[in-house]
Amino acid sequence: MPSPANLPDAWDRYARELGQNIQRERARVRYSQDRVAYESGLSRYTYQKLEKGESRPGTPANPTVKTLLAVAQVLGVDLTDLLPARAPDLTLR
């Protein structure tokens with residue numbers, strides 16, 4: 001069982017993997033970041049940070065379900081296709 005001290009690292013890894021999954025699906029459909037951002041109702045900067053797994057430099061992303069659902073719909077995938085396979089245990093907060 002991970003310790004509470006490891007939780008920030010686990011969430012950081014999860015957010016980065018989420019961003020990689022989004023980037024992979026965007027590349028698969030050959031959309032630009034601008035297109036996905038625009039069609040999802042996000043600024044280009046916000047979308048770019050999402051693909052990096054960050055909200056601000058050094059701070060892991062924590063997008064809303066609405067944001068993730070919009071991105072998934074633009075990319076033509078299920079929301080679960082974007083989520084990493086293993087979620088960190090958030091009960092240790």
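**A colleague's note on this structure**

1. Let us begin in helix 4, which spans residues 65-75: its buried residues are Thr67, Leu68, Ala70, Val71, Ala72, Val74 and Leu75. Right after helix 4 comes Gly76, with a positive phi near 75°. Please keep in mind while reading that this is a predicted model.

2. Now for the overall layout. The protein chain holds five helices and two strands, and along the sequence they are arranged as α-α-α-β-β-α-α. Measured out along the principal axes, the box filled by the C-alpha atoms is roughly 40 × 25 × 20 Å. The radius of gyration is 13 Å, which agrees with the value near 12 Å that a compact globule of 93 residues would have.

3. How much of the chain is buried? Of its 93 residues, 34% count as buried. On the outside, the protein chain exposes about 6200 Å², and carbon and sulfur atoms supply 50% of that area. As for contacts between residues at least 6 apart in sequence, 67% of them join residues at least 24 apart.

4. Val36 is a good residue to look at next. Val36 sits in helix 2, and it counts as buried because its relative accessibility is 0%. Which residues does Val36 touch, not counting those up to four places away in sequence? They are Arg26, Tyr31, Tyr47, Val71, Val74 and Leu75. Val71, Val74 and Leu75 belong to the buried residues of helix 4 listed at the start. For a sense of distance, the C-alpha atoms of Val36 and Pro60 are 20 Å apart, with these positions 24 residues apart along the chain.

5. Arg26 appears among the partners of Val36, so let us turn to it. Arg26 is found in helix 1. Is Arg26 buried or exposed? With a relative accessible area of 13%, Arg26 is buried, because the cut-off for that label is under 20%. Leaving out residues up to four places away in sequence, Arg26 touches Tyr31, Ser32, Gln33, Val36, Tyr47, Glu51 and Leu75. Tyr47 and Leu75 are also on the list of residues touched by Val36.

6. Helix 3 covers residues 44-52, and its buried residues are Tyr47, Lys49, Leu50 and Glu51. Among them, Tyr47 and Glu51 are touched by Arg26. An α-helix has 3.6 residues a turn, so residues three or four places apart point the same way. Gly53 follows helix 3 and has a positive phi, near 80°.

7. Helix 3 also matters for reading the largest pocket, whose volume is about 160 Å³. The lining consists of Leu42, Tyr45, Thr46, Lys49, Leu50, Glu54, Ser55, Ala61, Asn62, Pro63, Thr64 and Thr67. Two elements, helix 3 and strand 1 (54-56), give two or more residues to this lining. Which element provides the largest share of the lining? That is helix 3, with four residues. By type, the lining divides into five nonpolar, five polar and two charged residues.

8. Arg56 is placed in strand 1. Its relative accessibility is 54%, and Arg56 therefore counts as exposed. The C-alpha atoms of Arg56 and Asp12 are separated by 12 Å, while the two residues are 44 residues apart along the chain.

9. Arg30 deserves a look at its backbone. Where is Arg30? Arg30 lies in the loop between helix 1 (7-29) and helix 2 (33-40). Its phi is near 60°, a positive value in a residue other than glycine. Most residues other than glycine have a negative phi. At 77% relative accessibility, Arg30 counts as exposed.

10. To finish, here is Pro84, in the segment after helix 5 (79-82). Pro84 is buried, since its relative accessible area is 7%. Which residues is Pro84 in contact with, leaving aside its neighbours within four places in sequence? They are Tyr14, Glu17, Leu18 and Asn21. The C-alpha atoms of Pro84 and Tyr14 are separated by 6.7 Å, although the two residues are 70 residues apart along the chain.

How values were computed
Residues numbered from 1 in each chain as written. Predicted model: local features only at pLDDT ≥ 70, side-chain atom pairs only at ≥ 80, totals over all residues. Heavy atoms only, no water. Buried < 20%, exposed > 50% of the residue type's maximum accessible area, 1.4 Å probe, protein only. 1 Å grid on protein atoms, 1.4 Å probe; cavity = no way out; pocket = protein on both sides within 12 Å on 5 of 7 lines; lining within 4 Å. Points joined across faces, edges and corners; volume = space filled by probe spheres on them. Nonpolar A, V, L, I, M, F, W, Y, C, P; charged D, E, K, R; others polar. Contact = heavy atoms within 4.5 Å. Rg over C-alpha atoms; globule rule 2.2 N^0.38 Å. Areas by Shrake-Rupley, 256 points an atom, 1.4 Å probe, with all protein chains shown as cover.
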